[in-house]
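Colleague: I have a few quick questions about this one, so could you walk me through it?
Modeller: Gladly; let us have it in front of us and begin with a single residue.

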Amino acid sequence: MEKIFRPNPNSFKNTFCIFHEESLDSINGLELQYDSKSGSKYYYTKLGMYRLSNHWGRLANSKWRLEPLEPETDSKIKLGFAPWINFYPDNAHEELYYLEANYLKKTVNYQHKKNPNYDNKAILRTSFETIKRIKQVRNLFNLTSWANYFDYDDLDVLRKKIIDELIFTNKSLEEIKREFK
């Protein structure tokens, strides 16, 4: 019989990780190894972790995000998988995070600097600074009242220019807006 793989429980503390949603069939035949008080279920393999849960995001002392299947499933309980190499260190004082905007979907997310896709162009920020910028970008995507003070032909072009400045510079939103007026 194959020995059950069990990682050190402390290896998940203070980590950032992006899980990718998978079908529930992925855990067929796997043994449940941890059932949290909040109802999340964990299955460990030599390659990575499966997590079955109805809540994602900030978890105790970690930041774990789920990238949903396309098209998204209706189920509130989702199964995510992450390889062990995708668990990156997290803390409040280091500049570990950068922003990525999806202009078609009008969404913004943060990524870790150890992400292999990081090209060193977006500015790295602390968790607090990142959260502040995310709120600003989401407001620019979702609201239009801010644009009343600008002379523009295409709101989406103006929006992209301002958001790019928020992502790729250390300028404040107020400085950026002054430059575009």
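Colleague: Is Tyr 88 buried or exposed?
Modeller: Keeping in mind that this is a predicted model, Tyr 88 counts as buried, because its relative accessibility is 10% and the cut-off for buried is under 20%.

Colleague: Which strand is Tyr 88 in, and which residues does Tyr 88 touch?
Modeller: Tyr 88 lies in strand β8, residues 88–89. Leaving out residues up to four places away in sequence, Tyr 88 touches Asn 14, Thr 15, Phe 16, His 112, Lys 114, Asn 115 and Pro 116.

Colleague: Changing topic, how many salt bridges are there?
Modeller: A search of the whole structure finds nine. One of them joins the side chains of Lys 105 and Glu 70, at 2.8 Å from N to O.

Colleague: Where do Lys 105 and Glu 70 sit along the chain?
Modeller: The pair links distant parts of the chain, 35 residues apart, with Lys 105 in the loop between β9 and β10 and Glu 70 in the loop between β6 and β7. Lys 105 is exposed, with a relative accessible area of 51%, and Glu 70 is also exposed, at 61%.

Colleague: And which residues lie nearest the centre of the largest pocket?
Modeller: Arg 65, Glu 67, Pro 68, Asn 109 and Gln 111 do, out of 23 lining residues. The elements giving two or more residues to that lining are β1, β6, β9 and β10.

Colleague: What is the volume of the largest pocket, and what classes of residue line it?
Modeller: Its volume is about 600 Å³, and the lining has nine nonpolar, eight polar and six charged residues.

Notes:
Residues are numbered from 1 along each chain as its sequence is written. This is a predicted model: local features need pLDDT of at least 70, side-chain atom pairs count only at pLDDT 80 or more; totals for chains, interfaces and linings use all residues. Side-chain values use heavy atoms; hydrogens and water are left out. On a 1 Å grid over the protein atoms alone, a cavity is a set of points where a 1.4 Å probe fits but cannot get out, and a pocket is an open set with protein on both sides within 12 Å along at least five of seven lines; lining residues have an atom within 4 Å of a point. Grid points are joined across faces, edges and corners, and a volume is the space filled by probe spheres set on the points. Helices (H or I, at least four residues) and strands (E, at least two) are DSSP runs, numbered from the N terminus. Ala, Val, Leu, Ile, Met, Phe, Trp, Tyr, Cys and Pro count as nonpolar, Asp, Glu, Lys and Arg as charged, and the others, Gly among them, as polar. Buried means under 20% relative accessible area, exposed over 50%, partly exposed in between (1.4 Å probe, protein chains only). Contact means heavy atoms within 4.5 Å. A salt bridge is a side-chain nitrogen of Lys or Arg within 4 Å of a carboxyl oxygen of Asp or Glu.
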